[in-house]
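This report goes through one protein chain, from its overall make-up to single residues. The sequence and the structure come first, and the description follows.

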Amino acid sequence: MSKSKMPETTLADLSLADKTAVKKPSIEARRFSDVSTCSFSSACFTGSSDEEETSPKDRKQRNSNGSSDFCVKNIGKHSFGRREIEIAEQEMPGIMTLRKRAAEDKPLKNAQIVGCTHINSQTAVLIETLIELGASVRWAACNIYSTQNAVAAALAEADVPIYGWRGETEEDFWWCLDRCIRHDGWQPNLILDDGGDATHLMLKKYPEYFKAIKGIVEESVTGVHRLYQMSKAGKLTVPAINVNDSVTKNKFDTYYTSRDSILDSLKRTTDIMFGGKQVVVCGYGDVGKGCAKSLKGQGCIVYVTEIDPICAIQAAMDGFRVVRLNEVVKNVDVVITATGSKSVVTRDHMNRMKNGCIVCNMGHSSSEIDVHSLHSAELTWERVRSQVDHVIWPDGKMIILLAEGRLVNLSCSTISSFVVSVTSTTQALALIELYNSAPQRYKSDVYLLPKKMDEYVASLHLSTFDAHLTELTEEQAKFSGLSKAGPFKANYYRY
Ligand SMILES: NC(=O)c1ccc[n+]([C@@H]2O[C@H](COP(=O)([O-])OP(=O)(O)OC[C@H]3O[C@@H](n4cnc5c(N)ncnc54)[C@H](O)[C@@H]3O)[C@@H](O)[C@H]2O)c1
(Lines give C-alpha, C1' and ligand atoms only; values in the text may rest on other atoms or scores of the structure.)
Protein backbone atom coordinates (compact mmCIF):
# COMPACT_ATOMS: atom_id res chain seq x y z
CA MET A 1 0.00 0.00 0.00
CA SER A 2 1.30 3.46 -0.83
CA LYS A 3 2.05 5.57 2.21
CA SER A 4 -0.51 8.29 2.86
CA LYS A 5 0.78 11.85 3.14
CA MET A 6 -1.93 12.74 5.62
CA PRO A 7 -0.70 14.33 8.82
CA GLU A 8 -0.89 11.41 11.17
CA THR A 9 -2.96 11.86 14.30
CA THR A 10 -1.07 10.68 17.33
CA LEU A 11 -2.44 9.51 20.63
CA ALA A 12 -1.30 12.76 22.22
CA ASP A 13 -3.44 14.75 19.78
CA LEU A 14 -6.56 13.07 20.95
CA SER A 15 -8.50 14.76 23.67
CA LEU A 16 -11.74 13.98 25.33
CA ALA A 17 -12.78 17.53 25.95
CA ASP A 18 -16.32 17.07 24.72
CA LYS A 19 -19.13 15.91 26.84
CA THR A 20 -22.42 15.38 25.15
CA ALA A 21 -25.81 14.40 26.40
CA VAL A 22 -26.99 11.06 25.10
CA LYS A 23 -30.43 9.53 24.95
CA LYS A 24 -31.04 7.18 27.81
CA PRO A 25 -32.53 3.83 26.98
CA SER A 26 -34.98 2.34 29.41
CA ILE A 27 -33.94 -1.21 29.95
CA GLU A 28 -34.06 -3.24 33.07
CA ALA A 29 -32.46 -6.55 33.68
CA ARG A 30 -31.82 -8.81 36.57
CA ARG A 31 -28.13 -8.68 35.78
CA PHE A 32 -27.08 -5.83 33.55
CA SER A 33 -24.98 -7.86 31.15
CA ASP A 34 -27.83 -10.28 30.50
CA VAL A 35 -28.84 -7.82 27.85
CA SER A 36 -25.47 -6.79 26.53
CA THR A 37 -25.80 -6.17 22.81
CA CYS A 38 -22.36 -7.38 22.18
CA SER A 39 -22.67 -11.12 22.63
CA PHE A 40 -20.40 -12.81 20.17
CA SER A 41 -20.75 -16.46 19.40
CA SER A 42 -18.30 -18.19 17.18
CA ALA A 43 -17.19 -21.33 15.49
CA CYS A 44 -14.88 -21.86 18.45
CA PHE A 45 -17.64 -23.42 20.50
CA THR A 46 -16.07 -25.76 22.97
CA GLY A 47 -18.76 -25.74 25.59
CA SER A 48 -19.98 -29.25 25.08
CA SER A 49 -17.15 -31.12 23.42
CA ASP A 50 -14.85 -30.90 26.39
CA GLU A 51 -17.49 -31.33 29.07
CA GLU A 52 -16.24 -32.15 32.51
CA GLU A 53 -18.76 -33.06 35.13
CA THR A 54 -17.01 -31.24 37.95
CA SER A 55 -17.21 -27.47 37.94
CA PRO A 56 -13.95 -25.69 37.05
CA LYS A 57 -14.29 -24.05 40.46
CA ASP A 58 -13.71 -27.39 42.11
CA ARG A 59 -10.74 -28.45 40.00
CA LYS A 60 -7.21 -27.19 40.56
CA GLN A 61 -5.59 -26.51 37.21
CA ARG A 62 -2.14 -25.10 36.47
CA ASN A 63 -0.69 -23.68 33.31
CA SER A 64 2.76 -24.60 31.95
CA ASN A 65 4.35 -21.90 34.13
CA GLY A 66 2.78 -23.40 37.25
CA SER A 67 0.28 -20.57 37.75
CA SER A 68 -3.20 -21.39 39.02
CA ASP A 69 -4.52 -17.81 39.03
CA PHE A 70 -7.34 -18.51 36.59
CA CYS A 71 -10.50 -20.56 36.34
CA VAL A 72 -11.36 -21.93 32.92
CA LYS A 73 -13.09 -25.01 31.61
CA ASN A 74 -10.02 -26.93 30.49
CA ILE A 75 -6.51 -25.50 30.32
CA GLY A 76 -5.54 -28.41 28.07
CA LYS A 77 -7.37 -26.77 25.14
CA HIS A 78 -5.07 -23.76 25.02
CA SER A 79 -3.41 -24.49 21.64
CA PHE A 80 -6.74 -24.54 19.85
CA GLY A 81 -7.69 -21.26 21.53
CA ARG A 82 -4.36 -19.69 20.59
CA ARG A 83 -5.03 -20.46 16.93
CA GLU A 84 -8.45 -18.83 17.23
CA ILE A 85 -6.81 -15.69 18.67
CA GLU A 86 -4.27 -15.64 15.84
CA ILE A 87 -7.04 -15.88 13.27
CA ALA A 88 -8.90 -13.00 14.94
CA GLU A 89 -5.72 -10.89 14.96
CA GLN A 90 -5.59 -11.06 11.17
CA GLU A 91 -9.05 -9.52 10.90
CA MET A 92 -8.49 -6.85 13.56
CA PRO A 93 -6.19 -4.35 11.87
CA GLY A 94 -7.03 -1.32 14.01
CA ILE A 95 -6.29 -2.83 17.37
CA MET A 96 -3.17 -4.57 16.01
CA THR A 97 -1.87 -1.27 14.62
CA LEU A 98 -2.52 0.43 17.93
CA ARG A 99 -0.65 -2.40 19.62
CA LYS A 100 2.38 -1.85 17.39
CA ARG A 101 2.31 1.96 17.51
CA ALA A 102 1.96 2.24 21.26
CA ALA A 103 3.97 -0.79 22.34
CA GLU A 104 7.12 1.24 22.95
CA ASP A 105 5.42 4.10 24.81
CA LYS A 106 3.53 1.71 27.08
CA PRO A 107 0.73 4.22 27.74
CA LEU A 108 -0.89 1.79 30.18
CA LYS A 109 2.24 1.14 32.24
CA ASN A 110 1.18 0.24 35.81
CA ALA A 111 -2.49 0.37 34.88
CA GLN A 112 -4.40 -2.38 36.69
CA ILE A 113 -7.53 -3.13 34.75
CA VAL A 114 -10.41 -5.25 35.88
CA GLY A 115 -12.29 -6.37 32.79
CA CYS A 116 -15.74 -7.88 32.48
CA THR A 117 -16.57 -8.56 28.84
CA HIS A 118 -17.33 -11.50 26.63
CA ILE A 119 -14.35 -13.83 26.54
CA ASN A 120 -13.75 -14.82 22.95
CA SER A 121 -11.02 -14.66 20.35
CA GLN A 122 -11.70 -11.01 19.55
CA THR A 123 -11.75 -9.76 23.11
CA ALA A 124 -8.62 -11.84 23.70
CA VAL A 125 -6.91 -9.64 21.10
CA LEU A 126 -8.01 -6.58 23.07
CA ILE A 127 -6.87 -8.09 26.39
CA GLU A 128 -3.44 -8.98 25.01
CA THR A 129 -3.13 -5.50 23.48
CA LEU A 130 -3.79 -3.86 26.85
CA ILE A 131 -1.10 -6.06 28.37
CA GLU A 132 1.30 -5.21 25.55
CA LEU A 133 0.68 -1.52 26.29
CA GLY A 134 1.81 -2.01 29.88
CA ALA A 135 -1.34 -2.94 31.81
CA SER A 136 -1.86 -5.82 34.15
CA VAL A 137 -5.37 -7.19 33.92
CA ARG A 138 -7.78 -9.52 35.67
CA TRP A 139 -10.71 -10.60 33.53
CA ALA A 140 -14.12 -12.19 33.98
CA ALA A 141 -16.81 -13.12 31.46
CA CYS A 142 -19.77 -10.75 31.28
CA ASN A 143 -22.10 -13.39 29.93
CA ILE A 144 -22.57 -16.93 31.20
CA TYR A 145 -23.06 -18.39 27.70
CA SER A 146 -20.64 -16.56 25.44
CA THR A 147 -17.20 -17.66 26.64
CA GLN A 148 -15.07 -19.55 24.15
CA ASN A 149 -13.52 -22.06 26.49
CA ALA A 150 -10.45 -22.74 24.37
CA VAL A 151 -9.72 -19.02 24.09
CA ALA A 152 -10.05 -18.63 27.85
CA ALA A 153 -7.59 -21.54 28.18
CA ALA A 154 -5.13 -19.84 25.80
CA LEU A 155 -5.24 -16.66 27.87
CA ALA A 156 -4.76 -18.62 31.09
CA GLU A 157 -1.81 -20.43 29.52
CA ALA A 158 -0.34 -16.97 28.72
CA ASP A 159 -0.59 -16.11 32.45
CA VAL A 160 -3.63 -13.87 32.10
CA PRO A 161 -5.79 -14.22 35.22
CA ILE A 162 -8.98 -15.16 33.44
CA TYR A 163 -12.16 -16.36 35.09
CA GLY A 164 -15.07 -17.71 33.07
CA TRP A 165 -16.43 -20.67 31.17
CA ARG A 166 -19.38 -21.27 28.89
CA GLY A 167 -22.43 -22.39 30.78
CA GLU A 168 -21.32 -21.15 34.19
CA THR A 169 -24.10 -20.49 36.68
CA GLU A 170 -25.16 -17.08 37.97
CA GLU A 171 -23.40 -17.93 41.21
CA ASP A 172 -20.23 -18.89 39.31
CA PHE A 173 -20.49 -15.63 37.43
CA TRP A 174 -20.35 -13.50 40.57
CA TRP A 175 -17.66 -15.74 42.05
CA CYS A 176 -15.48 -15.25 38.95
CA LEU A 177 -15.97 -11.50 38.96
CA ASP A 178 -15.19 -11.33 42.65
CA ARG A 179 -11.96 -13.25 42.09
CA CYS A 180 -10.96 -10.68 39.52
CA ILE A 181 -11.71 -7.63 41.61
CA ARG A 182 -10.26 -8.85 44.89
CA HIS A 183 -6.76 -10.22 44.71
CA ASP A 184 -3.95 -9.94 47.25
CA GLY A 185 -1.37 -7.34 46.29
CA TRP A 186 -3.35 -6.09 43.32
CA GLN A 187 -5.93 -3.34 43.22
CA PRO A 188 -7.70 -2.16 40.08
CA ASN A 189 -7.32 1.43 38.89
CA LEU A 190 -9.42 1.10 35.71
CA ILE A 191 -12.61 -0.80 34.87
CA LEU A 192 -13.56 -2.05 31.43
CA ASP A 193 -17.16 -3.15 31.64
CA ASP A 194 -19.72 -4.58 29.24
CA GLY A 195 -23.04 -4.55 31.04
CA GLY A 196 -22.07 -2.73 34.23
CA ASP A 197 -21.54 -5.77 36.45
CA ALA A 198 -17.93 -5.10 37.46
CA THR A 199 -18.84 -1.54 38.39
CA HIS A 200 -21.92 -2.78 40.25
CA LEU A 201 -20.09 -5.45 42.25
CA MET A 202 -17.27 -3.12 43.17
CA LEU A 203 -19.71 -0.47 44.32
CA LYS A 204 -21.64 -2.94 46.44
CA LYS A 205 -18.81 -4.95 47.91
CA TYR A 206 -15.63 -2.94 47.63
CA PRO A 207 -16.62 0.75 47.54
CA GLU A 208 -13.26 1.75 49.03
CA TYR A 209 -11.55 0.50 45.84
CA PHE A 210 -13.07 3.43 43.97
CA LYS A 211 -10.51 5.72 45.61
CA ALA A 212 -7.88 4.24 43.31
CA ILE A 213 -10.07 4.03 40.20
CA LYS A 214 -9.15 6.51 37.47
CA GLY A 215 -12.15 5.72 35.34
CA ILE A 216 -14.66 3.31 33.85
CA VAL A 217 -15.07 2.45 30.19
CA GLU A 218 -18.48 0.97 29.42
CA GLU A 219 -19.59 -0.46 26.13
CA SER A 220 -23.17 -1.67 26.48
CA VAL A 221 -26.46 0.21 26.21
CA THR A 222 -27.51 -1.13 29.58
CA GLY A 223 -24.26 -0.37 31.40
CA VAL A 224 -24.25 3.14 29.98
CA HIS A 225 -27.83 3.64 31.11
CA ARG A 226 -26.83 2.57 34.59
CA LEU A 227 -23.88 4.99 34.62
CA TYR A 228 -26.15 7.89 33.69
CA GLN A 229 -28.52 6.89 36.48
CA MET A 230 -25.62 6.81 38.95
CA SER A 231 -24.40 10.16 37.73
CA LYS A 232 -27.85 11.68 38.11
CA ALA A 233 -28.16 10.28 41.63
CA GLY A 234 -24.72 11.69 42.51
CA LYS A 235 -23.36 8.17 43.08
CA LEU A 236 -20.77 8.16 40.34
CA THR A 237 -17.47 8.98 42.01
CA VAL A 238 -15.14 8.56 39.01
CA PRO A 239 -15.20 9.60 35.35
CA ALA A 240 -16.69 7.18 32.85
CA ILE A 241 -16.52 6.97 29.09
CA ASN A 242 -19.56 5.84 27.16
CA VAL A 243 -18.14 3.86 24.26
CA ASN A 244 -21.56 2.62 23.22
CA ASP A 245 -22.59 5.93 21.73
CA SER A 246 -19.40 6.74 19.90
CA VAL A 247 -19.89 7.12 16.16
CA THR A 248 -17.72 4.19 15.27
CA LYS A 249 -19.62 1.84 17.56
CA ASN A 250 -23.05 2.83 16.27
CA LYS A 251 -22.22 3.04 12.63
CA PHE A 252 -20.09 -0.10 12.54
CA ASP A 253 -21.51 -2.37 15.16
CA THR A 254 -25.11 -1.67 14.34
CA TYR A 255 -25.32 -1.15 10.61
CA TYR A 256 -22.52 -3.37 9.30
CA THR A 257 -23.07 -6.12 11.84
CA SER A 258 -26.73 -6.28 10.88
CA ARG A 259 -25.91 -6.18 7.20
CA ASP A 260 -23.50 -9.08 7.55
CA SER A 261 -25.15 -11.21 10.13
CA ILE A 262 -28.77 -11.31 8.97
CA LEU A 263 -27.85 -13.45 5.97
CA ASP A 264 -25.65 -15.69 8.09
CA SER A 265 -28.39 -16.12 10.70
CA LEU A 266 -31.04 -17.04 8.13
CA LYS A 267 -28.72 -19.33 6.20
CA ARG A 268 -27.36 -21.26 9.17
CA THR A 269 -30.78 -21.89 10.62
CA THR A 270 -32.94 -22.51 7.56
CA ASP A 271 -30.65 -23.09 4.52
CA ILE A 272 -32.85 -20.57 2.74
CA MET A 273 -32.19 -19.61 -0.88
CA PHE A 274 -32.57 -15.83 -0.93
CA GLY A 275 -33.11 -14.97 -4.59
CA GLY A 276 -36.69 -13.90 -5.34
CA LYS A 277 -37.91 -14.34 -1.78
CA GLN A 278 -40.31 -11.71 -0.43
CA VAL A 279 -39.06 -10.24 2.83
CA VAL A 280 -40.54 -7.59 5.09
CA VAL A 281 -38.24 -5.66 7.40
CA CYS A 282 -40.07 -3.86 10.21
CA GLY A 283 -38.20 -0.69 11.16
CA TYR A 284 -35.73 1.23 8.99
CA GLY A 285 -33.19 2.44 11.56
CA ASP A 286 -29.55 1.32 11.35
CA VAL A 287 -30.43 -2.32 11.96
CA GLY A 288 -33.32 -2.34 9.48
CA LYS A 289 -31.21 -0.53 6.89
CA GLY A 290 -28.45 -3.11 7.22
CA CYS A 291 -30.88 -6.03 6.88
CA ALA A 292 -32.81 -4.53 3.97
CA LYS A 293 -29.66 -3.66 2.06
CA SER A 294 -28.13 -7.07 2.40
CA LEU A 295 -31.29 -8.97 1.49
CA LYS A 296 -31.85 -6.77 -1.54
CA GLY A 297 -28.29 -7.53 -2.59
CA GLN A 298 -29.15 -11.22 -2.55
CA GLY A 299 -32.08 -10.71 -4.91
CA CYS A 300 -34.88 -10.63 -2.37
CA ILE A 301 -37.96 -8.45 -2.90
CA VAL A 302 -37.83 -6.30 0.22
CA TYR A 303 -40.69 -4.41 1.87
CA VAL A 304 -40.21 -2.03 4.78
CA THR A 305 -42.61 -0.94 7.51
CA GLU A 306 -42.01 2.32 9.38
CA ILE A 307 -43.79 4.66 11.76
CA ASP A 308 -41.44 7.58 11.14
CA PRO A 309 -41.93 9.54 7.90
CA ILE A 310 -38.22 10.41 7.70
CA CYS A 311 -37.10 6.79 7.81
CA ALA A 312 -40.01 5.84 5.56
CA ILE A 313 -38.93 8.26 2.87
CA GLN A 314 -35.34 7.06 3.22
CA ALA A 315 -36.58 3.52 2.61
CA ALA A 316 -38.68 4.60 -0.36
CA MET A 317 -35.78 6.48 -1.92
CA ASP A 318 -33.48 3.51 -1.32
CA GLY A 319 -35.86 1.58 -3.53
CA PHE A 320 -37.97 -0.31 -1.01
CA ARG A 321 -41.77 -0.50 -0.98
CA VAL A 322 -42.98 1.02 2.30
CA VAL A 323 -46.05 -0.90 3.39
CA ARG A 324 -48.10 -1.82 6.43
CA LEU A 325 -47.41 -5.31 7.68
CA ASN A 326 -51.08 -6.21 7.20
CA GLU A 327 -50.80 -5.55 3.48
CA VAL A 328 -48.02 -8.06 2.81
CA VAL A 329 -48.10 -10.54 5.66
CA LYS A 330 -50.04 -13.16 3.66
CA ASN A 331 -47.44 -13.34 0.91
CA VAL A 332 -44.02 -12.82 2.42
CA ASP A 333 -41.48 -15.60 2.96
CA VAL A 334 -39.54 -13.87 5.74
CA VAL A 335 -40.52 -11.35 8.43
CA ILE A 336 -37.73 -9.53 10.29
CA THR A 337 -38.38 -7.12 13.14
CA ALA A 338 -35.84 -4.36 13.87
CA THR A 339 -37.79 -1.67 15.69
CA GLY A 340 -36.84 -1.95 19.37
CA SER A 341 -40.58 -1.79 20.05
CA LYS A 342 -43.04 -4.47 21.19
CA SER A 343 -45.81 -6.55 19.59
CA VAL A 344 -44.83 -5.48 16.10
CA VAL A 345 -45.73 -8.96 14.86
CA THR A 346 -48.91 -10.11 16.57
CA ARG A 347 -50.69 -13.46 16.75
CA ASP A 348 -53.15 -12.13 14.21
CA HIS A 349 -50.29 -11.46 11.77
CA MET A 350 -48.91 -14.95 12.36
CA ASN A 351 -52.33 -16.51 11.83
CA ARG A 352 -52.32 -14.99 8.37
CA MET A 353 -48.77 -15.91 7.35
CA LYS A 354 -48.29 -18.50 4.67
CA ASN A 355 -46.93 -21.97 5.27
CA GLY A 356 -43.17 -21.96 5.83
CA CYS A 357 -42.87 -18.25 6.58
CA ILE A 358 -39.69 -17.52 8.56
CA VAL A 359 -40.12 -15.12 11.48
CA CYS A 360 -37.22 -13.57 13.35
CA ASN A 361 -36.17 -10.55 15.36
CA MET A 362 -33.06 -8.37 15.12
CA GLY A 363 -34.14 -5.85 17.76
CA HIS A 364 -33.18 -5.74 21.37
CA SER A 365 -36.54 -6.56 22.85
CA SER A 366 -37.66 -10.17 22.63
CA SER A 367 -41.27 -9.01 22.62
CA GLU A 368 -41.17 -7.50 19.12
CA ILE A 369 -42.73 -10.76 17.99
CA ASP A 370 -45.58 -11.80 20.24
CA VAL A 371 -44.08 -15.23 20.92
CA HIS A 372 -46.09 -15.51 24.08
CA SER A 373 -49.28 -15.75 22.03
CA LEU A 374 -47.91 -18.81 20.24
CA HIS A 375 -47.88 -20.79 23.44
CA SER A 376 -51.49 -21.81 23.14
CA ALA A 377 -53.10 -25.24 23.24
CA GLU A 378 -54.06 -25.48 19.57
CA LEU A 379 -50.52 -24.86 18.29
CA THR A 380 -47.79 -27.49 18.25
CA TRP A 381 -44.15 -26.57 18.70
CA GLU A 382 -41.41 -28.73 17.19
CA ARG A 383 -37.77 -27.98 17.90
CA VAL A 384 -36.15 -28.98 14.60
CA ARG A 385 -32.68 -27.54 15.16
CA SER A 386 -30.94 -25.51 17.78
CA GLN A 387 -32.71 -22.11 17.78
CA VAL A 388 -35.25 -23.23 15.16
CA ASP A 389 -38.86 -24.04 16.05
CA HIS A 390 -41.67 -25.08 13.75
CA VAL A 391 -44.93 -23.75 15.11
CA ILE A 392 -47.76 -25.72 13.57
CA TRP A 393 -51.41 -24.66 13.26
CA PRO A 394 -54.27 -27.23 13.44
CA ASP A 395 -54.67 -27.17 9.64
CA GLY A 396 -51.01 -28.11 9.19
CA LYS A 397 -49.73 -24.64 8.37
CA MET A 398 -46.33 -24.06 9.89
CA ILE A 399 -44.21 -20.99 10.56
CA ILE A 400 -40.48 -21.15 11.29
CA LEU A 401 -39.60 -19.17 14.38
CA LEU A 402 -35.92 -18.41 14.96
CA ALA A 403 -34.29 -18.04 18.38
CA GLU A 404 -37.73 -17.87 20.01
CA GLY A 405 -37.96 -14.24 18.98
CA ARG A 406 -34.72 -13.19 20.66
CA LEU A 407 -31.98 -11.32 18.79
CA VAL A 408 -31.43 -13.70 15.91
CA ASN A 409 -27.93 -12.69 14.95
CA LEU A 410 -26.57 -12.91 18.46
CA SER A 411 -28.24 -16.28 18.95
CA CYS A 412 -27.49 -17.89 15.59
CA SER A 413 -24.58 -16.13 13.92
CA THR A 414 -21.19 -14.55 14.53
CA ILE A 415 -19.99 -10.99 14.75
CA SER A 416 -17.09 -10.20 12.43
CA SER A 417 -13.70 -9.62 14.01
CA PHE A 418 -13.27 -6.48 11.93
CA VAL A 419 -16.27 -4.84 13.55
CA VAL A 420 -15.04 -5.86 16.99
CA SER A 421 -11.65 -4.37 16.11
CA VAL A 422 -13.32 -0.97 15.73
CA THR A 423 -15.02 -1.24 19.11
CA SER A 424 -11.93 -2.69 20.82
CA THR A 425 -9.69 0.07 19.51
CA THR A 426 -12.16 2.61 20.82
CA GLN A 427 -12.19 0.90 24.22
CA ALA A 428 -8.39 0.79 24.38
CA LEU A 429 -8.11 4.49 23.49
CA ALA A 430 -10.72 5.39 26.09
CA LEU A 431 -8.75 3.50 28.75
CA ILE A 432 -5.51 5.21 27.70
CA GLU A 433 -7.20 8.59 27.85
CA LEU A 434 -8.67 8.07 31.31
CA TYR A 435 -5.42 6.66 32.64
CA ASN A 436 -3.18 9.41 31.31
CA SER A 437 -5.37 12.47 31.74
CA ALA A 438 -4.44 15.18 34.21
CA PRO A 439 -6.18 14.71 37.58
CA GLN A 440 -8.84 17.41 37.26
CA ARG A 441 -9.50 16.94 33.59
CA TYR A 442 -12.52 14.72 34.02
CA LYS A 443 -15.14 15.10 36.68
CA SER A 444 -17.19 12.24 38.03
CA ASP A 445 -19.50 12.13 35.07
CA VAL A 446 -20.17 10.24 31.84
CA TYR A 447 -18.27 11.39 28.75
CA LEU A 448 -18.50 10.65 25.07
CA LEU A 449 -15.51 10.14 22.85
CA PRO A 450 -14.77 13.21 20.75
CA LYS A 451 -14.93 13.08 16.98
CA LYS A 452 -11.17 13.20 16.72
CA MET A 453 -10.81 9.92 18.51
CA ASP A 454 -13.54 8.33 16.39
CA GLU A 455 -11.71 9.56 13.31
CA TYR A 456 -8.46 8.10 14.61
CA VAL A 457 -10.10 4.70 15.17
CA ALA A 458 -11.51 4.77 11.65
CA SER A 459 -8.13 5.79 10.20
CA LEU A 460 -6.45 2.79 11.82
CA HIS A 461 -8.77 0.53 9.82
CA LEU A 462 -8.41 2.18 6.44
CA SER A 463 -5.27 0.37 5.36
CA THR A 464 -7.24 -2.88 5.20
CA PHE A 465 -9.03 -1.47 2.19
CA ASP A 466 -5.98 0.20 0.69
CA ALA A 467 -8.04 3.37 1.05
CA HIS A 468 -6.17 6.64 0.54
CA LEU A 469 -7.50 9.73 2.26
CA THR A 470 -7.41 13.05 0.47
CA GLU A 471 -5.53 15.74 2.34
CA LEU A 472 -7.03 19.20 2.69
CA THR A 473 -4.93 21.93 1.11
CA GLU A 474 -4.04 24.93 3.29
CA GLU A 475 -6.47 26.95 1.24
CA GLN A 476 -9.28 24.42 1.65
CA ALA A 477 -8.65 24.08 5.39
CA LYS A 478 -8.85 27.83 5.79
CA PHE A 479 -11.95 28.03 3.61
CA SER A 480 -13.76 25.34 5.66
CA GLY A 481 -12.44 26.48 9.01
CA LEU A 482 -10.90 23.04 9.67
CA SER A 483 -7.61 21.77 10.96
CA LYS A 484 -5.85 19.60 8.40
CA ALA A 485 -5.57 16.88 11.06
CA GLY A 486 -9.25 16.92 11.96
CA PRO A 487 -11.75 16.72 13.46
CA PHE A 488 -13.50 16.99 10.14
CA LYS A 489 -17.06 17.18 11.36
CA ALA A 490 -18.97 19.01 14.07
CA ASN A 491 -20.34 17.00 16.98
CA TYR A 492 -23.88 17.20 15.67
CA TYR A 493 -22.96 15.72 12.27
CA ARG A 494 -24.89 12.48 11.75
CA TYR A 495 -22.99 10.60 9.00
N1 LIG B 1 -29.03 -7.31 16.29
C2 LIG B 1 -28.03 -6.49 16.52
O3 LIG B 1 -26.85 -6.81 16.31
C4 LIG B 1 -28.33 -5.12 17.00
C5 LIG B 1 -27.33 -4.13 16.98
C6 LIG B 1 -27.66 -2.88 17.44
C7 LIG B 1 -28.92 -2.61 17.91
N8 LIG B 1 -29.87 -3.61 17.96
C9 LIG B 1 -31.25 -3.38 18.41
O10 LIG B 1 -32.09 -3.32 17.27
C11 LIG B 1 -33.17 -2.39 17.48
C12 LIG B 1 -33.14 -1.32 16.41
O13 LIG B 1 -31.92 -0.62 16.50
P14 LIG B 1 -31.65 0.66 15.58
O15 LIG B 1 -30.30 1.14 15.96
O16 LIG B 1 -31.96 0.33 14.16
O17 LIG B 1 -32.76 1.63 16.19
P18 LIG B 1 -33.46 2.88 15.50
O19 LIG B 1 -34.23 3.55 16.55
O20 LIG B 1 -32.46 3.62 14.70
O21 LIG B 1 -34.47 2.18 14.44
C22 LIG B 1 -35.70 1.59 14.76
C23 LIG B 1 -36.71 2.04 13.72
O24 LIG B 1 -37.93 1.34 13.93
C25 LIG B 1 -38.99 2.26 13.71
N26 LIG B 1 -40.17 1.75 14.43
C27 LIG B 1 -40.47 1.84 15.74
N28 LIG B 1 -41.61 1.20 16.02
C29 LIG B 1 -42.05 0.69 14.86
C30 LIG B 1 -43.18 -0.09 14.50
N31 LIG B 1 -44.10 -0.46 15.39
N32 LIG B 1 -43.30 -0.47 13.21
C33 LIG B 1 -42.39 -0.10 12.29
N34 LIG B 1 -41.29 0.63 12.57
C35 LIG B 1 -41.13 1.03 13.84
C36 LIG B 1 -38.48 3.59 14.23
O37 LIG B 1 -39.16 4.67 13.64
C38 LIG B 1 -37.02 3.53 13.82
O39 LIG B 1 -36.79 4.14 12.57
C40 LIG B 1 -32.96 -1.87 18.89
O41 LIG B 1 -33.73 -2.63 19.75
C42 LIG B 1 -31.48 -2.10 19.15
O43 LIG B 1 -31.19 -2.25 20.53
C44 LIG B 1 -29.60 -4.83 17.48
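## Overall make-up

A residue is called buried if 20 or more other C-beta atoms lie within 10 Å of its own, exposed if 12 or fewer do, and partly exposed in between, with C-beta atoms placed from the backbone. Of the 495 residues of the chain, 47% count as buried. The structure is a predicted model, in which local features need pLDDT of at least 70 and side-chain atom pairs count only at pLDDT 80 or more, while totals for chains, interfaces and linings use all residues. Residues are numbered from 1 along each chain as its sequence is written.

The chain has 16 helices and 15 strands. These are DSSP runs numbered from the N terminus, with helices being H or I over at least four residues and strands E over at least two. Two residues are in contact if their C-beta atoms, placed from the backbone, lie within 7 Å. Among contacts between residues at least 6 apart in sequence, 76% join residues at least 24 apart.

## The two sheets

Strands pair if DSSP finds at least two bridges between them. One open sheet is made of 7 strands in the order 3-2-1-4-5-6-15, with parallel pairing. Strand 3 (162-163) and strand 15 (446-448) each have a single partner strand, so one side of each is left without a neighbour in the sheet. Within this sheet, strand 5 (residues 215-218) and strand 6 (residues 240-242) run parallel and are joined by 3 bridges. Ile216 stands opposite Ala240 in strand 6.

Another open sheet has 8 strands in the order 9-8-7-10-11-14-13-12, and its pairing is mixed. Its edge strands, strand 9 (321-322) and strand 12 (380-385), each pair on one side only.

## Strand 10 and its partners

Strand 10 (residues 334-337) is covered on both faces: Val334 and Ile336 on one side are buried, as are Val335 and Thr337 on the other. Strand 7 (residues 278-282) runs parallel to strand 10, and 4 bridges join the two. In this pairing, Val280 stands opposite Val335.

Strand 10 also pairs with strand 11 (residues 357-361), in the parallel sense and over 4 bridges. Here Thr337 stands opposite Asn361. Together with helix 12 (residues 347-352), strands 10 and 11 make a right-handed β-α-β unit. Right-handed is meant in this sense: with the strands pointing away from the viewer, the path from the first strand over the helix to the second runs clockwise.

## Around the ligand

A residue is taken as near the ligand if its C-beta atom, placed from the backbone, lies within 6 Å of it. There are 27 residues around the ligand, and Gly283, Gly285, Val287, Gly340 and His364 come nearest. Helix 8 (247-270) and helix 9 (286-297) each supply at least two residues of this shell.

The shell contains 9 nonpolar, 15 polar and 3 charged residues. In this count Ala, Val, Leu, Ile, Met, Phe, Trp, Tyr, Cys and Pro are nonpolar, Asp, Glu, Lys and Arg are charged, and the others, Gly among them, are polar.

## Annotated positions

The unreviewed UniProt entry gives a "binding site" annotation to Gly285, Asp286, Val287, Gly288, Lys289, Gly290, Glu306 and Asn409. UniProt positions are in the numbering used here, feature names are shortened, and annotations may be inferred rather than shown by experiment.

Gly288 lies in helix 9 and counts as buried because it has 27 C-beta neighbours inside 10 Å. Leaving aside neighbours within four places in sequence, Gly288 is in contact with Val281, Gly283, Val304 and Ala338. Gly290 is also found in helix 9, and 23 other C-beta atoms within 10 Å make Gly290 buried. Not counting residues up to four places away in sequence, Gly290 touches Tyr255, Tyr256, Ser258 and Arg259.

## Backbone exceptions

Most residues other than glycine have a negative phi, and most peptide bonds are trans. Gln387, in the loop between strand 12 and strand 13 (388-392), has a positive phi near 70 degrees. With 19 C-beta neighbours inside 10 Å, Gln387 counts as partly exposed. Ala403 has a positive phi near 50 degrees and lies in the loop between strand 14 (398-402) and helix 13 (408-412). Ala403 is buried, with 22 C-beta neighbours inside 10 Å.

A cis peptide bond, with omega about 0 degrees, joins Gly486 and Pro487. Pro487 is in the segment after helix 16 (474-480).
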